[in-house]
Amino acid sequence: MNLKRIAVIGAGTMGRGIAQVLAQANREVLLYDADPCARKQGLASIAVRLRQQAASEAAVAALRGIDQLADIGTADMVIEAVPERLDLKLAVFAQLGRGSKPEAILASNTSGLDINALAAAAGRPDKAIGMHFFNPPPIMPLIEVVRATETSDGTFAAIMALAQDLGKTPLAVANSPGFAVNRILFPMINEAIYALAEGVASAEDIDRAMVLGASHPLGPLALADYVGLDVTLDILESFAQRLGTSKYRPCPLLREMVAQGALGRKTGRGFFSYP
Ligand SMILES: NC(=O)c1ccc[n+]([C@@H]2O[C@H](COP(=O)([O-])OP(=O)(O)OC[C@H]3O[C@@H](n4cnc5c(N)ncnc54)[C@H](O)[C@@H]3O)[C@@H](O)[C@H]2O)c1
């Protein structure tokens, strides 16, 4: 399957990174965002980053913005990277199903929502799939590939091949909450917050312990600040609800910090301060 022209929906943190990776791999990229400012800023910042990477001017030129979702009609594939809200993604997938050509593959970069629900919304379940990049996409080598129940073998094979062509390592994981990485990572972050709340060690020392004792490149509390404490809370709550066990119950300290607006790097304050 020739996935030459790929539309990316959502020009935020992930959409920009994914568009950059695609352009570097000689794909034509159509970038759409419901917010025209985000689209413009996205295009500009990707062009800067491509030039910093010494990408060819052809790669820069292969990237263009589209001002309405209806313009995805010529794309061979669409990658959705809008915020992690099921209602929003269902609405976008319904639009993608109507607006893209019938053979186009529809992929979601969701961090753990149900791919079957998105596939059904698109009305084209054999062409729907999860393609979970990690942040930042140009650097992180993994892509989790998630089949819906009805995803065809052809769609799966095309996405595994595309991921490899992008220089990434694709791993097939089941369509279950958080897939593999986040299912393991977020309970660890939650446990680090419980350890802090219970006075096991200071925030600095909890992170140093995991860096020095478990060879993690970044401590769990600094990682939570990077992801955003609001996003961390949402993810844990969705695990608790969907997996039906108290194992994922978010630490009360995390709730308090979110309620106080201490959301991590993006607000300048989380477990650590960011002047
Ligand atoms: N940030 C991360 O670390 C990370 C890592 C892996 C996966 N993800 C997943 O990637 C997805 C996007 O996350 P993000 O961090 O890039 O979010 P973000 O908030 O940075 O960007 C989302 C963009 O989508 C746009 N948008 C909103 N509604 C839209 C619509 N209807 N149509 C088109 N564009 C719309 C917004 O204007 C915004 O620019 C989420 O599903 C998230 O779970 C995020």
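**Talking through a predicted fold**

Colleague: Happy to look at this with you! Why is H9 described as largely enclosed by the rest of the structure?

Modeller: Bear in mind that this is a predicted model. In H9, the buried residues are Pro 220, Leu 221, Ala 222, Leu 223, Ala 224, Asp 225 and Val 227. H9 is largely enclosed because its buried residues number seven of eight.

Colleague: Nice. Which helices are included in what covers the buried residues of H9?

Modeller: One of them is H8, where Ala 203, Ile 206, Asp 207 and Met 210 meet Pro 220, Leu 221 and Ala 222 of H9. By class, that contact has six nonpolar residues, no polar ones and one charged. The cover as a whole includes helix H7 (181-197), H8 and helix H10 (229-243).

Colleague: And are H8 and H9 roughly parallel or roughly perpendicular to each other?

Modeller: Helix H8 covers residues 203-214 and helix H9 residues 220-227, and their axes lie 7 Å apart. The packing angle is about 105°. An angle from 65 to 115 degrees falls in one class, so H8 and H9 are roughly perpendicular.

Colleague: Let's move to the sheet. Which strands stand at its edges?

Modeller: The sheet is open, with eight strands in the order E3-E2-E1-E4-E5-E6-E7-E8 and mixed pairing. Each edge strand has a single partner, so one of its sides is left without a neighbour in the sheet. The edge strands are E3 (63-65) and E8 (169-173).

Colleague: Which residue in E8 does Glu 144 stand opposite?

Modeller: Strand E7, residues 142-147, pairs with E8 in the parallel sense over five bridges. Opposite Glu 144, in E8, stands Leu 171.

Colleague: What lies across E5, E6 and E7?

Modeller: Helix H4 (residues 86-99) lies across strands E1 (5-9), E4 (77-80) and E5 (105-108), running at about 170° to E4. Across E5, strand E6 (128-133) and E7, at about 130° to E6, runs helix H5 (residues 115-122).

Colleague: Last one, on the interior: which helix gives the most to the largest nonpolar core?

Modeller: That core has 52 residues, and those with the most contacts inside it are Val 8, Val 29, Val 78 and Ile 129. Ile 129, for instance, touches residues including Ile 105, Ile 115, Val 145 and Phe 156. Apart from this core lies another, of 24 residues, with Ile 206, Val 227, Val 258 and Leu 263 among them. The most to the largest core, six residues, comes from helix H1 (residues 13-24).

Conventions
Residues are numbered from 1 along each chain as its sequence is written. This is a predicted model: local features need pLDDT of at least 70, side-chain atom pairs count only at pLDDT 80 or more; totals for chains, interfaces and linings use all residues. Two strands pair if DSSP finds at least two bridges between them. Helices (H or I, at least four residues) and strands (E, at least two) are DSSP runs, numbered from the N terminus. Two residues are in contact if their C-beta atoms, placed from the backbone, lie within 7 Å. Axes are lines fitted to C-alpha atoms, for helices over the stretch in contact, and angles run from 0 to 180 degrees between N-to-C directions. A nonpolar core is a set of buried Ala, Val, Leu, Ile, Met, Phe, Trp, Tyr and Cys residues joined through C-beta atoms within 7 Å. A residue is buried if 20 or more other C-beta atoms lie within 10 Å of its own, exposed if 12 or fewer, and partly exposed in between; C-beta atoms are placed from the backbone. Angles under 35 degrees count as roughly parallel, over 145 as roughly antiparallel, 65 to 115 as roughly perpendicular and the rest as oblique. Ala, Val, Leu, Ile, Met, Phe, Trp, Tyr, Cys and Pro count as nonpolar, Asp, Glu, Lys and Arg as charged, and the others, Gly among them, as polar. Lists of a residue's contacts leave out its neighbours within four places in sequence.
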